[in-house]
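Q: I should like to learn how to read the features of a protein model. May we go through the structure below together?

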Amino acid sequence: MSAAERAGEPAARPAPEPAGDMDGPWSSTVRRDGAGALSVGSVPLAAIAEEFGTPAYVVDLDDLRARSRAYAAAFEDAFSAENGLAGADVYYAGKALLTVGIARAVAECGLRVDTSTGGELAVALRAGVPGAHIGLHGNNKSDAEISAAIDAGVGRIVVDSLAEIDRVEMLAAERGTSVPVMVRVTTGVHAGGHEFIATAHEDQKFGLSLASGAAAEAIRRILARPALELVGIHSHIGSQILDLAGFEAAARAVLTLRADVHREHGTLVPEVDLGGGYGIRYTGTETVPPSPALIASTLADVVSRVCTEVGTPVPRISIEPGRSVVGPAGLTLYRVGTIKDVALGEGRSRRYVSVDGGMSDHIRTALYGAQYTAALANRAAPAGAVPARVVGKHCESGDIVVDHVALPDDVARGDLLAVPATGAYGRSMSSQYNLVPRPPVVGVEGGGARVLVRRETVDDLLGLDLDA
Ligand SMILES: Cc1ncc(COP(=O)(O)O)c(C=O)c1O
């Protein structure tokens, strides 16, 4: 056992080598070249740093497409009529990362787009995603957001409270139209890695509780409103879930509610959405994430079984993965600056490796204690390794990008570090803290790289300040 482990800390491990597969933290096209430097989609990361600067979010669009196609194909197969099922749709959860280019890429691969704000809705529409293939979520949608969704003809507004039913109905009635709505149900199933990202236990802001009867009441009210068309029941149980048992439990609860609604009202709700939350590997030490094919066949099996048990025809199914579509497709490229060795006592020390970004482009470590890894990107690493913490340039001691990782002991100012699996909830949760302009999103595809979203500049920041 190392001194660090004796002190209660996990051992600092080096990043796993890119394996060219879909199960690890690296996108499937990341490789080390003969000289030991990393490339993505045949483009050296050093060339991306040279051309676009650092820090930069780098998204492997070919890998993103492969993951999107894998989801679309797996759900089409598993939920086919030949299997006695009624079809399925995969909505990409835009909250993970949404740009016009990303929305186009996933839509081309057969995915629909789930949005949770007017901003995400606007980007999906600008990308040319048909309104009917877009859903709108949100626990506190504004009238402007609901109106924009109705005007765009979205395929579903996911109602999150009893009060929202009246507001959607009023806005629909003003337009003389009827609006497709789903009801978001909290099933009580609790899954996922962290309190703040486990969204279906009862004491939380999302959804309508199954146990209290609020979900049934919402359905009763919607069925009584001619301007609202109840198209589905929705459940999202959490995030970064690597075990499918929680989804099976939630599916059972929602399908049972659907059968109750059928008995009570004679209405067969056409669709059930089982949400997103499928986990990925961030460091390579996590268990192997379920593949889209395993997710689809597991859900198809539970839907068939429960519908037989409760005596209702099967519904159409939808899911909303975000992280597992775009997370491993992305990495963040930083340049190393200040390096400090800090003595921890008992012969232990930690090397603090500062990079040119930090918590403004990467908040999940500070917010959730999320674990990441990092690897030298511009050259081969010699054999020796040192326990290191990768930190940012912000004025917070909690400004940590990677909490513990073994880095080559000759890591030096000017080196490039790549942090894998930052495609989801990196850029989308970024801020301008300390007035650090946001990094660009660089897309790599077909052997070349291009900017999807440009780097912010200090002029952008000053441009927002009307006293400037
Ligand atoms: C309603 C809903 N759907 C889908 C997602 C996407 O989850 P993930 O990116 O973990 O797949 C979330 C994430 O918070 C969510 O709240």
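Q: In which loop is the place of Asn434?
A: Asn434 is in the loop between strand S19 (416-420) and strand S20 (441-445). Helices (H or I, at least four residues) and strands (E, at least two) are DSSP runs, numbered from the N terminus. Residues are numbered from 1 along each chain as its sequence is written. This is a predicted model, in which local features need pLDDT of at least 70 and side-chain atom pairs count only at pLDDT 80 or more, whereas totals for chains, interfaces and linings use all residues; side-chain values use heavy atoms, with hydrogens and water left out.

Q: What is the sign of phi at Asn434, and how exposed is the residue?
A: Most residues other than glycine have a negative phi. Asn434, however, has a positive value, near 65 degrees. Its relative accessibility is 34%, which counts as partly exposed. Buried means under 20% relative accessible area, exposed over 50%, and partly exposed in between (1.4 Å probe, protein chains only).

Q: Where does Glu346 lie, and what is its phi?
A: Glu346 is in the loop between strand S14 (330-345) and strand S15 (348-355). Although Glu346 is not a glycine, its phi is positive, at about 50 degrees. With a relative accessible area of 77%, Glu346 is exposed.

Q: Is the peptide bond from Thr54 to Pro55 cis or trans?
A: Most peptide bonds are trans. The bond from Thr54 to Pro55 is cis, with omega near -10 degrees. Pro55 belongs to the loop between helix H2 (45-52) and strand S4 (56-60).

Q: How should one read a sheet, and in what order do S1, S2 and S3 stand?
A: Strands of a sheet pair through backbone hydrogen bonds, either parallel or antiparallel. Here two strands are said to pair if DSSP finds at least two bridges between them. The three strands form an open sheet in the order S1-S2-S3, with antiparallel pairing. Strand S1 (31-32) and strand S3 (43-44) are the edge strands, each pairing on one side only. Two bridges link strand S2 (residues 38-40) with S3, and Ser39 has Pro44 in S3 as its bridge partner.

Q: Do S5 and S6 run parallel or antiparallel, and which way do the side chains of S6 point?
A: Strand S5 (residues 88-93) and S6 run parallel and are joined by three bridges. Tyr91 stands opposite Arg112 in S6. In a regular strand the side chains alternate between the two faces of the sheet. In strand S6 (residues 112-115), Arg112 and Asp114 point one way and Val113 and Thr115 the other way, and all are buried.

Q: Which residues does Val402 touch?
A: A contact means heavy atoms within 4.5 Å. Leaving aside residues up to four places away in sequence, Val402 touches Tyr372, Thr373, Ala374, Arg389, Val390 and Val419. Val402 lies in strand S18 (residues 400-408) and is buried, at 0% relative accessibility. Its C-alpha atom is separated by 6.9 Å from that of Val391, eleven residues away along the chain.

Q: How many helices and strands does the protein chain have, and what is its radius of gyration?
A: The protein chain has 13 helices and 21 strands. Its radius of gyration is 23 Å, close to the 23 Å that the globule rule gives for 468 residues, so the chain is as compact as a globular protein of that length. The radius is taken over C-alpha atoms, and the rule is 2.2 Å times the number of residues to the power 0.38. Of the 468 residues, 54% count as buried.
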